[in-house]
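Here is a friendly walk through one structure, from a single helix out to the contact between chains. Please keep the model open beside the text as you read.

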Amino acid sequence: MYAFQYHRPQSVADAAKLLASNSEAKLLAGGHTLLPTMKQRLAAPKAIVDLARIAELKGIDKKGNALVIGAMTTHAEVADSAIVRSAIAGLAEVAAVIGDPHVRHRGTIGGSVANNDPAADYPAALLALGATIATNKREIKADDFFKGLFTTALQDGEIIARISFPVPAKFGYAKFPNPASRYALVGVAVAQTGSGVRVAVTGAGKDGVFRHTAAEAALGKGWSAQALSGLTTDANLMMSDIHADAAYRAHLVGVMARRAVA
Amino acid sequence: MSATGIGAPVRRKEDQRFITGKGQYTDDINRAGQAYAVFVRSPHAHATIKRIDTQAAAKSPGCLAVYTGADIAADKVGGLICGWMIHSKDGSPMKAGAHPVLAQGKVRYVGDHVAVVIGETLAQARDAAERVTVDYEALPAVVDVATAQSAGQAQIHAEAPGNTVYQWHLGDKAAVEAAFGNAKHVTKIDLVNNRLIPNAIEPRAAIGEYDPGQDSLTLHTTSQNPHVARLVLAAFIGLAPEHKLRVIAPDVGGGFGSKIFIYAEEVVCLWAARKIGRPVKWTGDRTEAFLADAHGRDHVTTAELALDGEGKILALRVKTKANLGSYLSTFASSVPTYLYAPLLSGQYNIPAIYCEVDGVYTNTAPVDAYRGAGRPEATFVVERLMEVAARQTGRDPAEFRRKNFVTSFPHATPVIMTYDAGDYEASMRKALELADYAGLPARKAESAKKGMKRGIGFSAYIEACGIAPSQAVGSLGAGVGLWESAEVRVNPTGSVEVLTGSHSHGQGHETTFAQLVSQRLGIPIDQVTVVHGDTDKVQFGMGTYGSRSGAVGMSAIFKAADKVIVKAKKVAGFVLEVPEESVDFKDGIFSSTATNKTLTFPEVALQAYIAHKFSGAQLEPGLKEGAFFDPTNFTFPSGVHICELEIDPETGTTRIDRWTAVDDFGTLVNPMIVEGQVHGGVAQGVGQAMLEGAVYDRNGQLITASFMDYTMPRAGDLPSIKIAMTSTPCPSNPLGIKGCGEAGAIAAPPAVINAITDALGHEDIAMPATPLAVWRAAQKSPTKMAAE
């Protein structure tokens with residue numbers, strides 16, 4: 001790790017000011033990706049703005065037909081939340097299968113979403129549920145937010161404040177973990193929402209999380225694992241590595257989609 | 001059996017300090033004025049070093065020194081050695097290239113040591129290390145052991161043409177060929193024994209210190225055998241004479257073999273400490289551990305088993321290429337030869353065996369002993385062959401093994417070993433019963449109903465432990481004897497320090513050795529302290545590996561304690577005023593038929609030191625005895641492990657449902673610790689079979705260089721293990737101990753693969769059987785077996 005300035009603001013406004021005055025500052029929202037990268041000297045931010053003490057970024061609430069989760073809410077808090085369990089039980093399950101207990105008690109939903117790791121679990125849930133990401137500047141639909149590997153619609157100085165999930169009629173997530181890292185080798189989130197069936201896949205796609213339109217069409221005709229029995233996924237769009245080649249990932253997308261529905 | 005004696009499940013004494021964070025590992029130790037070493041490592045698998053520019057690094061803030069191979073050469077610091085000479089079939093000695101501690105003009109694997117930077121702080125040393133610029137000319141890399149010897153491959157060491165270190169063999173080739181000529185059935189298999197990265201929890205570390213007043217050096221290091229480290233550092237590397245070099249291996253957090261070896265880092269820390277006149281500390285990070293700790297296994301093998309018409313084995317033929325990595329590590333040469341081929345007889349009567357092994361250089365990290373060392377590789381060959389041969393000839397795998405078991409002892413195999421004791425049938429019987437083998441067809445049917453494939457796999461393993469009779473290993477090329485030493489020091493108040501040349505890095509010696517001494521001397525276990533890991537305290541020792549500390553190390557303690565009792569009886573005779581021969585010692589009490597007075601052990605100890613009851617002419621004062629124990633044979637732990645698992649063919653996920661382990665370790669000192677060793681061994685064996693595998697790309701870059709890609713076994717990957725014991729005490733040591741440290745890791749891999757192949761219905765899958773590999777294999781149709 002190289003030397004850096006450490007800031008721990010108390011408000012989003014203060015955090016934004018720090019970002020504005022430090023062009024090479026990075027936000028710390030749990031740090032499970034950023035800190036290891038810094039320790040390996042692969043990242044060298046001049047300043048760190050730690051969001052851990054900003055009360056307005058925390059908390060879980062049900063507002064009308066939406067479940068609203070503050071950006072600095074940890075995975076463990078989401079997994080254990082009675083509000084989440086009663087509103088979108090499957091979302092608590094998504095949080096419960098992220099990493100291990102250490103990760104779940106430090107990592108946050110905002111940190112995960114902002115990082116947009118192609119094998120992270122939350123992006124699939126946000127995309128399938130048609131969530132809205134609220135920042136200190138604007139609101140962004142999940143459909144417009146995820147822009148490929150580790151890339152999002154967030155602009156310089158923008159801080160995720162909270163994420164709003166319209167409560168769906170049905171939601172499920174099935175994950176096949178990478179045997180080593182336990183990130184998603186393939187994770188499929190399925191939702192029956194007010195705007196129709198939405199299916200999102202993480203871990204598998206070359207460009208990160210994506211919507212599986214063929215699966216959406218099949219489930220639109222009938223919400224059952226059976227409806228997905230003929231589903232195919234283009235292996236050319238899949239990642240390939242020592243743990244799973246593209247053909248295996250494409251196959252697992254179908255298996256996980258069926259299990260997510262079941 | 002007393003509550004704390006041999007056979008009692010005594011809670012581990014050392015756990016109090018480990019669990020409360022009071023252990024003292026090398027990195028916990030800090031010396032006044034300590035500076036920090038950071039190594040500049042090669043990013044290339046194979047390259048010539050054209051130029052190293054250290055100027056910018058030397059000017060970096062807090063940089064104390066930058067040293068390269070040129071400085072090492074100028075100071076005539078010797079290279080690392082390989083301590084076991086292997087001769088090829090043609091009688092020629094193995095062809096080994098030099099193993100410099102800092103590269104001499106060439107690097108041979110990613111992670112090879114190019115330069116060292118010493119800094120005031122670790123961060124400053126790292127900053128400076130980044131400023132060392134090295135101009136490399138990359139050379140083609142040789143990575144794959146199967147093709148490393150082929151024409152046209154790059155030459156890694158000039159001394160070893162064709163990258164071949166040796167072409168060794170063992171056994172009777174002509175007898176094997178004749179037997180194959182008469183065979184009714186031949187089973188042939190091709191196997192890969194996958195490369196593993198040890199990953200002890202504690203990474204390696206070293207602190208070198210120089211005392212100008214005494215002109216002596218001290219090394220704190222993560223070693224399984226500090227005396228051997230001192231011997232090599234003194235006699236071969238030439239840093240200081242033995243009496244001017246102290247090596248301390250304090251608490252060590254796991255070794256699994258990887259901390260037996262003498263590595264470049266500790267040499268450089270010691271040497272640099274003298275150069276800069278300050279203690280120099282290096283603590284490896286996890287990436288360095290992945291790249292540069294010695295790896296394990298990595299064999300490519302073809303094996304054939306010849307059977308007669310009745311299912312009796314006639315002969316075994318094995319050809320193996322063993323990857324030794326880029327340099328020969330301390331015991332690298334012996335692992336795929338004398339620790340491998342002599343185990344190829346397994347638990348079976350095999351009249352003729354012939355094994356050829358090519359030891360091969362590649363541009364990968366050095367490969368050396370890892371838990372089991374050669375014996376897991378041999379067991380994988382034998383037990384895969386047995387399973388496949390049973391399937392091909394329509395025989396039940398348990399019955400086929402039984403038919404060929406060795407049943408009378410001693411039994412001389414055609415590959416050096418003489419098995420001294422065992423009851424293989426007893427282990428098999430018990431294992432079949434515990435595993436409910438009879439209920440398997442019903443469970444298979446149940447799994448099939450759910451769309452799952454259930455399989456069962458056997459592994460009837462044997463290993464050679466208690467390493468080793470010095471004369472025997474000397475005749476096979478070892479550069480050292482493999483006895484062990486001990487000293488039992490009784491204090492005037494009757495408490496005892498046991499000094500041992502064994503080294504505990506997780507094995508629980510502080511408990512088990514105390515159990516032995518407390519029982520022998522009849523004193524409470526808390527009156528016994530075990531001292532190990534310091535060459536200034538313990539006179540000499542050969543360390544801990546090869547499941548030797550019980551069979552060899554404790555036998556030395558047993559002998560020393562016996563000598564203490566002999567001397568104490570003399571003292572008691574004077575105090576009781578009775579003839580020495582009439583003194584009896586039992587359960588801590590000295591008595592005599594000649595008197596009704598008795599003495600306790602502490603009372604005699606005090607008398608030995610105050611020396612009021614005998615004159616100097618009659619007896620030496622004091623109570624302290626030492627002993628060396630050299631075993632007369634290897635020990636032969638054995639057992640039967642049965643793995644039953646269920647495969648989800650849709651995803652390739654394999655869930656181990658049942659694990660039965662029936663082991664014969666001879667005498668058990670502490671059954672709780674033994675069970676722990678079985679659990680850990682099985683976990684590592686399951687890791688090898690299903691999860692772990694070091695992968696280099698074709699350029700020699702290690703792809704699995706972190707836990708993000710290298711899969712260690714987790715608790716959730718393992719079932720609850722059913723453990724049972726049989727016992728045929730070992731006749732070659734006074735305690736009857738055989739050793740248990742490696743058994744699980746040796747037994748497990750073939751049990752898993754035999755179960756997976758049973759479930760799949762064909763043999764075409766390699767380790768590690770990851771979900772991807774199993775899913776692919778599940779696409780293939782089952783082979784029609786003779787049994788069906």
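Just after helix 11 of chain B comes Asp436(B), with a positive phi near 50 degrees. Helices here are DSSP runs of H or I with at least four residues, strands are runs of E with at least two, and both are numbered from the N terminus. Helix 11 itself covers residues 424–434, and its buried residues are Tyr424(B), Ala426(B), Ser427(B), Met428(B), Ala431(B) and Leu432(B). Buried means under 20% relative accessible area, exposed means over 50%, and partly exposed is in between (1.4 Å probe, protein chains only). The partners of these buried residues in chain B are helix 10 (397–404), strand 17, strand 18, strand 26 (638–648), strand 27 (653–664) and strand 28 (721–726). As general background, an α-helix has 3.6 residues a turn, so residues three or four places apart point the same way.

A word on the source: this is a predicted model, in which local features need pLDDT of at least 70 and side-chain atom pairs count only at pLDDT 80 or more, while totals for chains, interfaces and linings use all residues. Residues are numbered from 1 along each chain as its sequence is written, chains are lettered from A and ligands numbered from 1 in the order in which they are written, and side-chain values use heavy atoms, leaving out hydrogens and water.

**Backbone geometry in chain B**

Most residues other than glycine have a negative phi, and most peptide bonds are trans. Against that background, two residues and two peptide bonds of chain B are worth a look, as tabulated here.

| Site | Feature | Value |
|---|---|---|
| Asn163(B) | positive phi | near 55 degrees |
| Ile416(B) | positive phi | near 75 degrees |
| Ile467(B) and Ala468(B) | cis peptide bond, omega | about -5 degrees |
| Met767(B) and Pro768(B) | cis peptide bond, omega | about -10 degrees |

Where do you find Asn163(B)? Look in the loop between strand 6 (133–138) and strand 7 (164–171) of chain B. Asn163(B) counts as buried because its relative accessibility is 1%. Ile416(B) sits in the loop between strand 16 (411–412) and strand 17 (418–419), and its relative accessible area of 41% makes it partly exposed. As for the cis bonds, Ala468(B) belongs to the loop between strand 18 (453–462) and helix 13 (470–475), whereas Pro768(B) is in the loop between helix 18 (743–760) and helix 19.

**Three more places in chain B**

Val490(B) is part of strand 19 (residues 484–490) and, at 1% relative accessibility, is buried. Contact is used for heavy atoms within 4.5 Å. Beyond its neighbours within four places in sequence, Val490(B) is in contact with residues including Val564(B), Phe601(B), Tyr609(B) and Leu623(B). Its C-alpha is 8.1 Å from that of Gly622(B), which is 132 residues away in sequence.

His220(B), in strand 10 (residues 216–221), is also buried, at 8% relative accessibility. Among its contacts, leaving aside neighbours within four places, are Thr26(B), Ile29(B), Glu209(B) and Ile248(B).

Is Ala235(B) buried or exposed? With a relative accessible area of 54%, Ala235(B) is exposed; this residue is in helix 6 (residues 226–235). The C-alpha atoms of Ala235(B) and Gly78(B) are 9.5 Å apart, with their positions 157 residues apart along the chain.

**A buried aspartate in chain A**

Asp117(A) lies in the loop between helix 7 (109–115) and helix 8 (122–129) of chain A. A salt bridge here is a side-chain nitrogen of Lys or Arg within 4 Å of a carboxyl oxygen of Asp or Glu. Asp117(A) is buried and has no such bridge: Arg249(A), the nearest side chain of opposite charge, is 9.4 Å away. In counting charge, Lys and Arg are positive and Asp and Glu negative, with His and the chain ends not counted. A polar atom of the Asp117(A) side chain lies 2.8 Å from the backbone nitrogen of Ala119(A). Not counting residues up to four places away in sequence, Asp117(A) touches Ser112(A), Pro123(A), Phe150(A) and Tyr183(A).

**Where the chains meet**

How many residues of chain B are in contact with chain A? There are 23, and they meet 22 residues of chain A. The rule finds 7 salt bridges across this interface, and in one between Asp648(B) and Arg259(A) the N to O distance is 2.7 Å.

How values were computed:
Polar contact = N/O pair within 3.5 Å; in protein donor to acceptor, adjacent residues only side chain to side chain.
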